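Got your viewer open and a selection tool ready? Here is a short walk through two spots worth clicking on.

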Amino acid sequence: MSVNPEYSNGFTNAGNPQPPGSDRWVEIQQSTFTNWVNEQLSQYSARSLTNLGTDLCDGVHLVALVETLQLKKIGRVYSKPQGQIQRLANVSLALTAITEDNVKLVNIGNEDVVNGNVKLILGLIWHLIVRYQISNRKTKSPPKKLMMDWFRLTIPDLEINNFNKDWEDGIALHALIERLKPGTSPDWRKLHSKNKVENCRSAMVLAKEKLNIPRVISPENFASGDLDELSAMTYLSYFVKVDSPGYYDTLNWVCKQLRTTTITNLTTDWNNGFHICAIVHSLGGAIEGWPDLDLSDHECNWQKALDGGKELGVEPLLKASEMSDPSLDHLTMMTYVARFQRVTPSKSDKDKVKVTASFNNIRTGIQASFSIDVMDRGVKTEKVKAEVKGPRSRIDADIQWRKQHANCKFTPREAGEYQIIADTGSCVYRVPGMWVVRAYMDGEEIPNSPVNFDTFDPQKAWFSVQGRGVVDEVVACHVDVTKAGTGNVTAEVTHIGKSTPCHVSKQDDGNWSISFVPTCPGSFFLKAAFNGTIITGCPKLVDVVDPGQITVTGEGIVRGLCGKESRFIVNTGDLGGNIVVIVKVGDIEVNTRWEEVGSTAHQFTYTPLQTGVYTITVIWNDMCVPGSPFKAKITDRSKVRLKDDLSGDKDENDYLALVCGTDTVLHFDISEAGPGSFNAEVLAPSGKLPVTLDQPDTDEVAVSFKAKEEGDHYIHLYWSNVPLDSSPILSYCPGPILPIDHTKVKVTGKGIKEARAGVRMEFRIDGKLAGPGVPRVELQGLKSRPIVDMKALKYDRYQCHYTAPSPGAYLMYIYWSGTKLFDVPYKISVSHRGAEGKVKVLGRGLKGGFVGQELRVIVDTTAAGYGEVVADMNGLLQPTRCDILDQQNGIYTLRLFPTEACRHSLSVKFDGEHAPGSPFTIPVGEPPDPRKVRVYGPGIQDGLIQSFESKFLVETYGAGAGQLSVRIRGPRGAFKVDMERERQNDRTILCRYDPSEPGQYDVSVRWSGHHVNGSPFYVNILETREELCDYLETEKGISITMQNGYEWTEDV
């Protein structure tokens, strides 16, 4: 697809001349296009833009936009690009995907986007709007011309010649909304064009509330004299895009005109030309060979429709070969069909002449009469002929014309059936019904008199068919002969020129039914005849589809987890139609939602809130699709609970301690886990171990296995093939029991080498390789024998600790099963403990920060002497990572990495005692978000120099932790800004500055170095009220009456 040149260079704004150097239209266009981009991104993500020139430069948002428009992933993107090369790669990825989708881009490359060339970026966005919103298929006509034609046809009471001046007063918007949804704005003709901003605002509110039209442009911009046509077309395209109010308004008119509901779109349903020929025929146009069209000759059918449309005064948009193109866009079809909506239907042949007669108890030899009325002045009375057909011969009727009315008389000569036939040369009229003829001779009724007979009129038979059939299911049709008289109905069904068996039967009410069973999909044509005469409107077309083409895929129809979203996709292929999904558990219906994931596919999502078997019924056009209803097993693996208390069986690393050669048995409660199966496997260092699953009852499962070697073991647990949250259970087996050997005992830790008086010291005795044994420890000093406490760990290991009461030399003796270790005694030197009161804790990190920021705190122990520094930091929910870096000079650096926005507690201990000030409270806030900072007040609005109120407020609620910076530059340079707040922690800051001369003042407001929304603000201060009024009306499209109370007062 290539964009028409008048759009590709539309950014010159040629249709709306500006003063030299004026770029107001660029601002409007940038605002509108930014809103359009955000509207697209909001469908599938939480992304949003504030500035096209800067927010697209890294390519991340541009790739997301293209993927949203194309409904697919386009490749690998650098989510956090580092450097120019990665930004260029992201933009190139997006531009390549755009060009491969038939969008011709001229004079724009990846460097233009990365460098923030606003006008070229606007050109790129316009190409995307044209391709993916205004005309998403092939078009030969410029989209602007098509949109203009459609709006002219839709609101003919207004003169629409452009997309700016004719719309800026808002009246055309109101008229359009009233046309698409009658009763919404019935008084639009009473609106005054001077109130253009208010008119536009009220119209956009109605459009959003009643028609779901997003407001991608502000009323002020839409009513502005600087409005460019591309911005207006962007907003108005929401009225004509696929599935828009205008789209369905056109479809509804077609279905009503043709009395059918089988037409579901304005593209593929029209390729063969049948429906457009039907519209021409319904309006009285001539279609050669109607209705026996060759549906395989698309171009020929379209040529017939275009020729017939010309006779009705409808000029074609394109040639027949172009209109029959399968890739033709919807907008071309919408516009062409809209032209027929202005055509006044001509009367059909059967409505041009009316025959009126009342024949009750007619006697032979007695004159009877009927009348003929010509209802169309185009029918000449001299061409109307009438005759009476008797049982054996025709009878001349005496016709007396008076203008358009004729009295007709005839005398029946014999008893039997009579027909009155009126002929205009193109249509024959009969008077149907029950006739009673009596025969008399010399005033006496003859034998076998009266004679009763029926007449019929096949043109008054009504043949209706269901618009769509299903393979191998009965297709039923109905023939209503209530007003057609009596007779028999015959029928013929054909498919690809071959006859299909059908059944014709008479119903109890006197009407007829026709049924057949198609064995393959395709187009089936039905012809019905009443007493041998083809019924008007035949042949009827029935599209037969095969629901077997509909596929339902996804985990959501098979299994799911309680509390988690389950999804599945229904793809209707080229069948279209209406899909209904009902999800139930028992008798409770579960809420579902859906979204389009392709042109023919929809993704359905439901969230099960309880376990059980869910029934998912998928209905297509009131019938279940193959495989429906589906059964989804919803389980809750979190409800699988371990019944055993393992706290006493775990080591200090939270590993389950296994006994070599002994069965380990774990019991699980599965009563509330839903329909599913339990499975387990145990991985040992050399491979999988045999696992036994025993289920004594439906609510419990026992898992047993036997460890046989030393090393880590991993116990994996599954419910319905999904790992449990607690899986795997980490465990360790020390291996087979070894013989006692005290030489294999290992003693580690600082406590066997040095200590400080009054400070608890630790060491560990590891006898895992020494065989079963119990240690004994003796600690001897010159003046005391401190007690050594021991805590038994798993695998014959013991954690020991002691506290030396005073400095000096100590000896430690260790025994294993009564035998002294060979390298004892250990000589321990106990020194004086450090002075924790002399420890200093300082640094900017104590003042706090925000989530994701590294905080640094310094611990200075140089004046405290030798000692151990221990620090930890905790938030409300979890501990915070705290790294301690020893500078080897008595200085320690704490590196803190907070992940919660709350007050944190930092504990700093020296030799087991809190340092002065510990624990410290450190505030941690959310990361700074300048988008949530609000700036308002008279100080950022235009005004008069003599009464200008220069104050404005900055609200930082919800903007996270950050630093506010306000800078103002006036006509002669920078200005001093006074900032104040009532309380230290107040999030609202009052700012003031004192302008002394008229001119433009640039107010820059930044939060943590980034501009807030709207910044920089451009404030124009003028000398006179006339200058201010003229400026506001000319530059901003605001018409005001200045009053003394216009400016903000001191109270505000």
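We'll visit a sheet and then a pair of helices, keeping in mind that this is a predicted model.

**Stop 1: the sheet**

Start by selecting strands S1, S3, S7 and S6, listed here in their order across an open sheet of 4 strands. The pairing throughout is antiparallel. Now colour residues 353-357 (S1) and 398-402 (S6): these are the edge strands. Each has a single partner strand, so one of its sides has no neighbour in the sheet. If you look at how the strands are turned against each other, neighbours differ by 20 degrees on average, ignoring direction.

Next, zoom in on S3 (residues 368-374) and S7 (residues 405-410). This antiparallel pair is joined by 6 bridges. For one of the partnerships, pick Asp373 and look across to S7, where His405 is its bridge partner.

**Stop 2: the helix pair**

Hide the sheet and select residues 245-258, helix H13, together with residues 330-340, helix H17. Their axes lie 10 Å apart and the packing angle is about 50 degrees, which means H13 is oblique to H17. As for handedness, H13 and H17 make a left-handed crossing.

Now show side chains at the contact. From H13, turn on Gly246, Tyr247, Thr250, Trp253 and Val254; facing them from H17 are His330, Met334, Val337 and Phe340. What is the make-up of this contact, in nonpolar, polar and charged residues? Colouring by type gives you 6 nonpolar and 3 polar residues, with no charged ones where H13 meets H17.

Methods:
Residues numbered from 1 in each chain as written. Predicted model: local features only at pLDDT ≥ 70, side-chain atom pairs only at ≥ 80, totals over all residues. Heavy atoms only, no water. Pairing = 2+ DSSP bridges. Helix = DSSP H or I, 4+ residues; strand = E, 2+ residues; numbered from the N terminus. Axes fitted to C-alpha atoms, helices over the stretch in contact; angles between N-to-C directions. Parallel < 35°, antiparallel > 145°, perpendicular 65-115°, else oblique. Left-handed = near helix turned anticlockwise from the far one by under 90°. Contact = heavy atoms within 4.5 Å. Nonpolar A, V, L, I, M, F, W, Y, C, P; charged D, E, K, R; others polar.
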